[in-house]
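Visitor: Please take one strand and go through it closely. I would like its surroundings and its pairing.

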Amino acid sequence: DVELARRMLKSAKILERMLNQNTFDDIAQDYRYWEDGSDDFRERDGTLLPLWKFSFLPALDVDVTSVCWSPLYEDLFGLSYGSYDFYNQPDHGFICLFTLKNPSHPEYVCRTESGAMCMDFHPKHPHMMVVGLHSGDVCVYNLHHEDEIPVYKSTAVNGKHRDIVWQVQWAPDNLDGFLNFNSVSGDGRVTNWTLVKSSLWFHDVIELQFTGKLNNFGDSYNKMESLSDGARAMSFKDEDETVFLVGSDSGKIHLCTTEYSSQFLRSFQAHETPINNIEWNTYMPRVFLSCASEMVIKLWDMECDKPLFRYDLGAQVNDVCWAPYSSTVFAAITRDGKLHVYDLSISKYSPLCSQNIVERKKATLNHIAFNPVDPIIIVGDSRGIVHSFKLSPNLRKKSKEVEKALKKNDLKLARQLEVKKLESILKQVMVPVQEEEETSQTESANIKSSS
């Protein structure tokens, strides 16, 4: 009976995909073959073609709190559903896996005990999925199992976070060969979790301390060292997994290492509001983007204390991410429902595309992710809907040298050319920034010597 039920389910899935293919045939054709011919008459600007919309009925009107593409299947992506309204939390959250082949219903659904705030697929074992919850728990799910019970879960005994888990990210296997991942939480902890047999071991990599001054309290309260600064976002370098960035509630970004936890390698006073996202550049790992609960995006070099570029988008920036196909392309979404796409090699200061995705009064845009292979971008909003778009040719241009290298399947040369392209742009602004820093350091030294 069990085998018969599995065969019936498999046949039903095939039939469902056939019906969806016929229903959404026009969109499927656009997904594969559409190219905006009007780009030939525009010098630089591009457009976004709306494709499918994905939603899960029980999760409608619930925030999409993260979006993540599968590292194995290029058409599969995961969503976490929770709520950013901290005074009106749902009884539970959802994890849904959707495929572009079936926009009508998710391939996998899992209900969590509280709002799901973040998720991540393991890059080498895509069936392993880690989820961070509003309650402070981290859970690991094995997608080969049909039940909704996590195979690993944190508890108060084994290091559960005391606040919301804002981000989780798988790490390379440790020296003993065990799977492990990292998490950041509002309690200020950056924690590494190791999957050992049937238990979950934890180790606090670093804990952020609040170093600001509280104006409404006395000096004795300001001298206390027990105040934590909430951790909001993190990003590990691809080339060196021991080095990572962590963004805080106070707007600071710290460059840290897993080798020791006593101090930071460097600190940046990046923003005045809580950090929403940090992301290293795919091609040049010393460059990163940051955004916070304000109108500004900043582009940084880890060796400079000041940003190299600063973009004012006119509305609160909720998320930002680099494109995987170019070293100079990135996208951002704002609270007023717009998606902005920049290409530094074409215009260093203005976007190539600013397109309305949702009406400002009806929803806000929460998270964004580029497809790692196809020119597709997905955006999750506050109503539980994920919008997908195809980028027009002007938004994914490559230089002739890079195209030649890709035709010859010389990926190494193509990557070198992308790095060179970004370096040439950064050199134009790095010299003035470094000179300004040296001048300020000299002035401060002269003031100290005169005093």
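Guide: What follows is a close look at strand β3 and its partners. This is a predicted model, in which local features need pLDDT of at least 70, side-chain atom pairs count only at pLDDT 80 or more, and totals for chains, interfaces and linings use all residues. Residues are numbered from 1 along each chain as its sequence is written, and side-chain values use heavy atoms, with hydrogens and water left out.

Strand β3 covers residues 76-82. Strands here are DSSP runs of E with at least two residues, numbered from the N terminus. Seven of the seven residues in β3 are buried, so the strand is largely enclosed by the rest of the structure. Buried means under 20% relative accessible area, with a 1.4 Å probe and protein chains only.

Now the two faces. L76, G78, S80 and G82 point one way from β3. F77, L79 and Y81 point the other way. Both sets are buried.

Next, the neighbours. Two strands count as paired if DSSP finds at least two bridges between them. β3 pairs with strand β2, residues 63-69, in the antiparallel sense over six bridges. Within β3, F77 is the bridge partner of W69. Six residues lie between β2 and β3, and the two strands form a hairpin.

Then there is strand β4, residues 93-99. β4 runs antiparallel to β3, and six bridges join them. Here S80 has I95 of β4 as its bridge partner.

In short, β3 has antiparallel bridges to β2 and to β4.

Methods: Buried means under 20% relative accessible area, exposed over 50%, partly exposed in between (1.4 Å probe, protein chains only). Helices (H or I, at least four residues) and strands (E, at least two) are DSSP runs, numbered from the N terminus.
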